[in-house]
Amino acid sequence: MIKKILIANRGEISLRIQKTCRKLGIQTVAVYSDADKDSPFVKEADFSYYLGPPEPSRSYLVIPNILKAISETGADAVHPGYGFLSEKAEFARELSKAGISFLGPKPETVDLMGDKIRSRAAMEKAGVPVVPGYEGDSQEPNVLLKEAEKIGFPVMIKASAGGGGKGMKRVFSKEEFLPSLESAQREAGNAFGDSRVFLEKYIINPRHIEVQVFGDTSGNVIHLFERECSIQRRHQKVVEESPAPNLSPEIKKKICDVAVKAASSIGYIGAGTVEFILGEDGAFYFLEMNTRLQVEHPVTESVTGFDLVEWQIRIAEGVSLEKLTGGKSPSQSGHAIEVRLYAEDPENEFLPSIGKIELAKFPEIQNIRVDSGVVTGSEVSLYYDPMLAKLIGIGKNRDEARKNLISGLEETIIFGPTTNLNYLKAILEHSEFINGNTNTHFLEKHKIEWEESGEEKEALMKTASFLANRTVKASSIWDVVGPQGIWGELS
Ligand code: ADP
């Protein structure tokens, strides 16, 4: 039995994992950098351990320091969250050497799936459809150009070690190919220390559909249905939902079954996500497998009723999937939509917006789940991903979930850094979104018109209503705001 889990991560995902640990009576250890010393995830954990300076390369990514934290705090398992060390096989290997349980798959699996060239080959061998392309040994520009011509333009150049859309280039013609190749290789080398690339046919107007899978230590693999993640900006997900809208039951069944086949073929253990790209013709192809918990796991939890972090812990303890499901086939009921609330400026090319959060207020209403990492007074720094929170709208059907989520966004207040809140609301209100007509070009193709955030008047109005809800009576906004201004009142 696992008694104490060290969470090798920060922010909302650390808090999310702590919640399940608390429910299961497992103690938690948070690790933190200088930038996070006052963060809620540090305060709420049972124990905390200081790692080092704010830069991840000097704190959250330093394996020896995390190992030291484990031995000094007596943790017997590690949850890596997502990002940071979650897909570093070396970390999983070091933990296994130290006899510490890693809440993720075997190191070999992490290695195999972390290398897109090798994973494509493994999937092809297992009979899982992959996007037509080239993943041969040669990295010679002229060989790659010939292969690109064979595939037929447009093609996608992708980094083998890729992630987060880095090192990925769309190439429409032969003339563009060599310069794009050079830049993709350079970007991949800089970002991942591995400049190898491979080629894929560019699928026109695709949808991104992924399947949540779980494997236990006895070799059983099941799926917990699909998630639709087509609404993306620069290949990064912005809105995610389950079930996928307008997906025929036949394709849905096929895609979920293929995901199970993919995970079974590599003896997958724990939580994983098999990502697919679905073409307009209904053909779908394996993109990659993420060997960890995903940011968007709450939508799956909302429609299946299972706690995926609990499953990760139980599976590491050797509990079977049969026991976790109660011997029944999991079912998907209702609908859930998640949006990622970012401290970024939609008016200014979505540049991260940093600084102190003067006021953070999240909705506390039924059918809205909020997974947040910040509170009033938190600092958004340049060191980490500026995601502030995930809001998940839940409903009996898609439209109800969507409307609930809009209400949730309307009740959310963030003063300080600029956020994408109104942009997210505008996406949910767009007629094509309402119709469920999503593909990965949604945000480029449709004009999303949002109200500017941070307008002083709007801010004051919201503050006034916030204070009014707290039974402060005032005859005008200025009575509420008072001489010291809104921040003085609230912080
Ligand atoms: P990363 O690991 O960098 O996130 P993925 O392979 O998961 O890269 O792809 C991210 C996104 O890029 C996909 O969700 C999709 O929108 C787009 N994409 C990837 N491959 C293709 C392709 N062959 N054709 C069209 N779009 C693609």
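This report describes a sheet, its packed helices and a ligand site in a predicted model.

Residues are numbered from 1 along each chain as its sequence is written. In this predicted model, local features need pLDDT of at least 70 and side-chain atom pairs count only at pLDDT 80 or more, while totals for chains, interfaces and linings use all residues; side-chain values use heavy atoms, with hydrogens and water left out.

**Sheet.** Eight strands (DSSP runs of E, at least two residues, numbered from the N terminus) form an open antiparallel sheet in the order β14-β13-β10-β11-β12-β15-β22-β20. Strands count as paired if DSSP finds at least two bridges between them. Because β14 (284-290) and β20 (368-372) stand at the edges with a single partner strand each, one side of each has no neighbour in the sheet. Antiparallel strands β10 (residues 207-215) and β13 (residues 270-278) are joined by nine bridges, and Gln212 has Thr273 as its bridge partner in β13.

**Ligand site.** The ligand is surrounded by 20 residues (a heavy atom within 4 Å), of which Lys116, Lys158, Gly165, His208 and Gln232 come nearest. The table lists polar contacts, defined for the ligand as pairs of N or O atoms within 3.5 Å; within protein, one atom must be able to donate a hydrogen and the other to accept it, and residues adjacent in sequence count only if both atoms are side-chain atoms.

| Residue atom | Ligand atom | Distance |
|---|---|---|
| Lys201, backbone N or O | nitrogen | 2.9 Å |
| His208, polar side-chain atom | oxygen | 2.6 Å |
| Gln232, polar side-chain atom | oxygen | 2.8 Å |

The protein covers 96% of the 560 Å² of accessible area (Shrake-Rupley method, 1.4 Å probe) that the ligand has on its own. Elements giving two or more residues to the shell around the ligand are β7 (155-159), β9 (197-201), β13 and β14.

Key: Helix = DSSP H or I, 4+ residues; strand = E, 2+ residues; numbered from the N terminus.
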